[in-house]
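Colleague: Could you take me through one part of this model in detail, the packing inside it? I'd like it in plain words, with the cut-offs spelled out as you go.

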Amino acid sequence: MSPTGWAWACLLCPLVGTILIGLTWRLLPSRIHGILGTVAIFAAFVCAVGAFIGLEDRNEDRRQLVSVAWNYANTVGIDAKLAILVDPLSVFMMLVVSGVSALIHLYSVGYMASDRGYTRFFAYLNFFVFSMLLLVEAGNFFFLIVGWAFVGAASYLLISFWFRRTTATQAGIKAFVINVVGDVGLVLGTFFVFRGVGTLDFLAAFSQVGDAFSKNDPSLVAGCLLLLVGAFAKSAQVPLHTWLPDAMEGPTPVSALIHAATMVTAGVYLIARMHPLFEQAPTAASVGAILGCVTLLVAATIALVVTDLKRVIAYSTMSQIGYMVMGVSSFAYAGGLFHLMTHAFFKALLFMAAGSVIAAMANVQNLDRMSGFRKAMPFTFACMLVGGLALSGIPPFAGFWSKDEVLALLIDRGGGFVVLAVLGYVGALMTAIYTFRMIFRAFYNEPNEEARELMETGHVHHAEPVNPMTGELEDTDVGFPGPEHHIAEQTGSMRLAMGALAVLATVGGLLQIPDVSSALHDFLAPTFADSSYYDDLEPSESLSWAGLAVGMLLGLLGIFIAYRLWVADRERPARIRQQLAPAYRFFVHKWYFDEAIDFLVVRPFAWFGRFARNTFERVVVNGAIVGGAAGAVRAGSAAVRAVQTGYVRYYAALLLLGLAALGLYFLISAS
Amino acid sequence: MSVEWYLVVSAIVFSIGMSGVIVRRNPLVILLCLELMLNAGNLALVAFARMHGNQDGQIFALIVMVVAACEVAIGLGLIVALYRRRLPIDVDELRELQG
């Protein structure tokens, strides 16, 4: 089968999965649906591997394949086709998305086992994977936008999966609204590009962009900035990031799949895919790089003070995506995409481990309540440690190689990008501190009540289910988390998934080692053949290794600081909090982004809505337009009604008068 | 005799019929007055036919007579129906269709 055939099969597997689960939810027991969904995604992964092998067999210069299933519309100027583009970049994304998704499905089989919405969960999850694959395989803007919107919808469905939790439904709405802002940005950006190049097809558009636009053409810059709005909303970058921490209301596998490994990296993919446009509009690309850098610092500072286990990882995700956005916007594509891949491994792993801890805590997510789980859950601890070391950039784990490659490429570009790289190293230090703050607080020190119980009796205490955000008591019926909590130590499928990811997070970085291997760089080269930076940006050996050494030292320093603060001298954090009270307050309130957006956007809109309802609707619409039309008709009909007396003789007289008038008129006009 | 005389007679007859339709309240009389108006028209048509020296106007007059016969049949039928249902024979009393 050709690579495009495999790619179509890869796209179909999750679609068939979601339809089958949707149609047979009454007929089959729910366990089977879990297996069905997982098998579908594994099949998709196999197909992606097939596409990969098929692509590797072809010549370097013939690795960009387009396959059109059918034309929707091929009229003047518009070529809307159901077309997929199979090239190294999309195959790379297919492999990452389907591979990580398959493992997360496997994890969900155990994690969601006692949830009453088990079947629905797998139908949504399969739908999400289908949408994400559609997004990365799309061969034109048209299908990119379709996939983009599908992914947003799937994210909404999964965030508000526990739909009886008000907090979850609100978080879902927030995510959806911000994602729609991004969709609008993407569509408008597409219009700008389309107006210049006159085609929606990726390859055709990219080949014409040099002729259609001059360097830094204002309309192309505007289009690229609008594409960035789309990318930033999806990838939770400042200032469209506020939905991601709230999205942690969804079940933990969802956080691992959508809000760490796959969906939120769609923005990075978009920028990498649109690289010919961004290289023609370097101003827009620089804006992207700067905002990525701002995001990575903002998110890292917030992650230092957040006490919710999953939200720490969520802010960490934002911060790491900041690195990727900064990388691909600075034209360090291989570095950014390499970090995307390793991040998918270790962040999914961290979320899975966090899910296991949360299960052991009976849905409590507060770090203040956790301690000493190391002995109670050695497997979870080992996975968390591997993920944490990879995130902090400690060799030989995956994050070490990828993050430092991004930063080395930035330094190599010189100029202002060096500043960004230095700030990236500052972020790396904070990354290590907040990661190990989380690990030390949850796993070290004296075991708490739950950890002791787990050690002594071997099973978790199922406390009364409460909403971790509001503390309200909850049902365990459908639309709420299930009554049982499944922790990784005791569930085979969860152990399997986490084990596989832990291995990947350990060895995934070996794909790209300066001067030893550049497998990913070489594999992606055909996609970026038209880039003027791809091969020129080549940090020297000494620069790369110096960067790696600095990264490692900062990581170790961060771990050491975290150890001093949260294990050795545990009174210290409170003292520091008091000394730096204003900064602490600022970070705890998440830099007041929610308040600022509330003040700048939500309230004016709400005021405008109230004005429209109370004033405009009542006075103009109801009073003037509707009331005026009704009044005119009523007055007119009253006048006409007065003529209708019912006297036949009166009608006859009127008729004759009219005829006489008509006759007179003709007589006068004839003379 | 010039055509004006015929037209004057026609106009006089038409006016008599018209004032009868407007003034009288008995449907039978109104029907008669309508016939007067139709026949005034017929007279004018025949007079013009003579003036032009062809038969078109006379054919029209014949058709008007046919229509008038039909009208009388319906009108009388209505009046008989009014009698049968013991309704007042007065057009001013029959004004349910007022607006």
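Modeller: Sure, a definition to begin with: two residues are in contact if their C-beta atoms, placed from the backbone, lie within 7 Å. Bear in mind that this is a predicted model, where local features need pLDDT of at least 70 and side-chain atom pairs count only at pLDDT 80 or more, while totals for chains, interfaces and linings use all residues. Residues are numbered from 1 along each chain as its sequence is written, and chains are lettered from A and ligands numbered from 1 in the order in which they are written.

By that contact rule, 10 residues of chain B touch 10 residues of chain A. On the chain B side, five are nonpolar, two polar and three charged (Ala, Val, Leu, Ile, Met, Phe, Trp, Tyr, Cys and Pro count as nonpolar, Asp, Glu, Lys and Arg as charged, and the others, Gly among them, as polar).

Now the inside. A nonpolar core is a set of buried Ala, Val, Leu, Ile, Met, Phe, Trp, Tyr and Cys residues joined through C-beta atoms within 7 Å; buried takes 20 or more other C-beta atoms within 10 Å of the residue's own, exposed 12 or fewer, and partly exposed is in between, with C-beta atoms placed from the backbone. The largest such core has 218 residues, and Ala348(A), Leu349(A) and Met352(A) have the most contacts inside it. Its largest share, 20 residues, comes from helix H15 (residues 333-360) of chain A (helices are DSSP runs of H or I, at least four residues, numbered from the N terminus). A second, separate core has five residues, including Ala40(B) and Leu45(B).

Back to Ala348(A): leaving out residues up to four places away in sequence, its partners include Val100(A), Ile104(A) and Leu501(A). Val100(A) and Ile104(A) are in H3(A), where they are part of the contact with H15(A). That contact has 11 nonpolar residues, one polar and no charged. H3 (residues 88-111) and H15(A) pack at about 5°, axes 11 Å apart (axes are lines fitted to C-alpha atoms, for helices over the stretch in contact, and angles run from 0 to 180 degrees between N-to-C directions). H3(A) and H15(A) are therefore roughly parallel, the term for angles under 35 degrees.

Finally, Ala505(A) is in helix H20 (residues 492-507) of chain A. Ala505(A) counts as buried because it has 29 C-beta neighbours inside 10 Å. Beyond four places in sequence, its contacts include Phe345(A), Leu349(A) and Phe397(A).

Notes. Helix = DSSP H or I, 4+ residues; strand = E, 2+ residues; numbered from the N terminus. Parallel < 35°, antiparallel > 145°, perpendicular 65-115°, else oblique.
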